[in-house]
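Colleague: I am new to this structure and would like a close look at a single part of it, the open sheet of mixed pairing. Could you take me through that sheet strand by strand, and then say a little about what lies beyond it?

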Amino acid sequence: MADPGAAITCPFDFSEALDFDPSLAELMARDRPTRIRLPYGDADAWLVTGFDDVRQVTTDHRFSRAAIMARDYPRLTPEPIVSPESINVIDPPRSSRLRRLASHAFTPRRVERMRTAIAELTDSLLDEMAAAGPPADLARHLSDRLPQQTICELLGIARSDWPRMRRYAHQMLATGPDEREAAATAKAELRAYFGELVDERRRAPGNDLISALAAAKDGEDALDDQEVAVMALTLMLSGHDTATCEISNITYVLLSRPELMERLRSRPDTLTAVLNELLRFIPFRKGVGIPRVALEDVQMGGVRIRAGDFIHVSYLTANRDPQRFTDPGTVDPDRTPLPHMTFGWGGHRCIAAPLAMAELEVAVGRLVNRFPGLRLAVPAQELRWDTATIRRFPIELPVAW
Ligand code: HEM
């Protein structure tokens with residue numbers, strides 16, 4: 001019989017279309033924190049799955065992100081994707097200060113202005129897709145390019161450098177054991193690139209996000225050069241792949257559920273509600289992200305988490321918690337709108353969620369509008385799903401119209 005105290009090995013490599021990972025479902029059914037072992041890192045971790053428990057871990061200062069950096073923390077990628085100076089691994093009050101200053105770059109007014117830039121990029125990508133098909137690969141024409149172009153455009157990166165940015169991001173998010181060196185080199189090169197860019201923008205500010213971060217003030221407080229460079233780098237990395245896989249995944253679900261697509265066409269005012277429900281429903285990543293370390297003993301869900309223990313939360317299972325969402329496995333845009341956890345929760349919730357929503361609204365809204373007969377160009381069973389990164393998305397999404 002298995003030792004009840006032993007950690008459960010969790011490769012979290014499940015990639016069957018967008019079906020919910022059965023190993024996560026099983027861990028969720030235990031309804032209490034469970035010990036897990038991930039492919040990389042020298043320690044086991046607790047996994048917390050329920051909405052309320054995830055909310056507690058992500059808002060309780062007894063769980064520290066900063067403390068993971070002193071150790072080889074449990075994770076899915078060979079190379080840690082964060083540096084000690086990036087916001088994802090800084091605790092309050094330092095992180096709150098950085099987030100307050102960075103939020104100046106994402107005020108509603110700035111995001112509205114960004115919407116115009118996103119719409120222009122989307123239209124030109126959809127022009128290219130229309131010229132190439134039907135059929136055409138929506139992943140290649142839209143999902144792979146819009147988020148990357150958007151963040152590059154917003155950061156004011158020269159167009160000639162866009163392909164390089166994409167390569168770096170891809171190298172850093174790969175999960176293969178042979179990719180460690182490439183990931184470390186990519187991280188160092190990107191860091192140097194942004195160092196130079198910040199210098200430039202201090203000398204000659206523009207209308208871009210880096211200049212906005214450099215100018216952000218909270219009373220007398222401001223970001224120094226290094227902080228701006230690291231924030232820009234973090235935005236670049238975080239801004240790429242999440243939105244890329246969500247554009248493909250959301251489109252895939254819409255194309256697989258004609259009633260949803262029909263609803264969007266007949267009631268475009270429900271776009272945001274439909275997107276939020278799909279964000280909640282879609283398991284857009286594998287397993288878990290960045291853990292925390294307990295700074296003292298904490299009693300939670302019937303177990304004692306000891307000081308020094310690692311703890312992972314699953315936003316995916318929290319989004320399917322039946323105590324929070326009625327019939328959570330069903331897509332129902334008319335359900336009572338309750339915040340989901342796809343953008344995270346608490347002290348490290350996605351800093352750019354308003355920008356991400358604007359991207360999705362523009363991309364999906366314009367796609368549905370422009371191609372009324374949009375449909376999958378191959379049977380859904382023929383789609384190939386990513387197995388090389390921590391995300392879940394179709395590698396190609398051939399569509400016709
Ligand atoms: C649909 C698209 C997106 C999704 C689903 C998403 C989701 C998330 C999630 C789950 C987190 C982590 C929460 C945690 O660590 O506990 C996060 C953090 C973050 N995201 Fe996003 N994100 C998206 C788009 C973006 C974009 C476009 C950007 C930048 C332009 C961005 C920038 C960030 C940053 C900087 C953080 C770190 C915040 C912190 O640790 O304080 N995200 N996001």
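Modeller: What follows goes through the sheet from one edge to the other and then turns to some other parts of the chain.

Please keep in mind that this is a predicted model. The sheet you ask about is an open one of six strands, whose pairing is mixed and whose order is E1-E2-E3-E11-E8-E4. The strands at its edges are E1 and E4 (63–64), and because each of them has a single partner strand, one side of each is left without a neighbour in the sheet. As general background, the strands of a sheet pair through backbone hydrogen bonds, and they do so either parallel or antiparallel.

Starting from the edge formed by E1, this strand covers residues 8–9 and runs parallel to E2, residues 34–37, with two bridges joining them. Within this pair, Ile8 has Ile36 of E2 opposite it. To get from E1 to E2 the chain passes through helix H1, residues 22–29, and the β-α-β crossover made in this way is right-handed.

On the next step the sense of pairing is antiparallel, for E2 is joined by three bridges to E3, residues 45–48. Here Thr34 is the residue that stands opposite Leu47 of E3. E3 in turn pairs with E11 in the parallel sense, over four bridges, and in this pair Ala45 is found opposite Phe310 of E11.

E11 deserves a pause, since both of its faces are covered. In a regular strand the side chains alternate between the two faces of the sheet. In E11, Phe310 and His312 lie on one side while Ile311 and Val313 lie on the other, and all of these are buried.

Going on from E11, the pairing with E8 is antiparallel and rests on two bridges, with Arg292 having Ile311 of E11 as its bridge partner. E8, residues 292–294, is then joined by two bridges to E4, and these strands also run antiparallel. Opposite Phe63 in this pair stands Ala294 of E8. A helix packs on the sheet as well: H2, residues 51–59, touches E3, E4, E8 and E11 (310–313), and its direction makes about 125 degrees with that of E11.

Beyond this sheet there is another open one, of three strands, which has antiparallel pairing and the order E5-E13-E12. Its edge strands are E5 (136–137) and E12 (375–376), each of which pairs on one side only. Two bridges join E5 to E13, residues 398–400, in the antiparallel sense, and Asp137 has Pro398 of E13 as its bridge partner.

The model also holds a ligand, and 25 residues lie around it, of which Ser238, Gly239, Gly344, Cys350 and Ala352 come nearest. Two or more residues of this shell are given by each of the helices H3 (94–102), H10 (225–256) and H14 (353–370), and the largest share, seven residues, comes from H10. Sorted by class, the shell has twelve nonpolar, ten polar and three charged residues.

One last residue to find in the view is Leu279, which has its place in helix H12, residues 271–281. Leu279 counts as buried because 21 other C-beta atoms lie within 10 Å, where 20 or more are needed. Leaving aside residues up to four places away in sequence, Leu279 touches His340 and Thr342. Leu279 and Asn249 are 30 residues apart in sequence, and their C-alpha atoms are 9.3 Å apart in space.

Technical notes: Residues are numbered from 1 along each chain as its sequence is written. This is a predicted model: local features need pLDDT of at least 70, side-chain atom pairs count only at pLDDT 80 or more; totals for chains, interfaces and linings use all residues. A residue is near a molecule or strand if its C-beta atom, placed from the backbone, lies within 6 Å of it. Ala, Val, Leu, Ile, Met, Phe, Trp, Tyr, Cys and Pro count as nonpolar, Asp, Glu, Lys and Arg as charged, and the others, Gly among them, as polar. Two strands pair if DSSP finds at least two bridges between them. A crossover is right-handed if, with the strands pointing away from the viewer, the path from the first strand over the helix to the second runs clockwise. Two residues are in contact if their C-beta atoms, placed from the backbone, lie within 7 Å. Axes are lines fitted to C-alpha atoms, for helices over the stretch in contact, and angles run from 0 to 180 degrees between N-to-C directions. A residue is buried if 20 or more other C-beta atoms lie within 10 Å of its own, exposed if 12 or fewer, and partly exposed in between; C-beta atoms are placed from the backbone.
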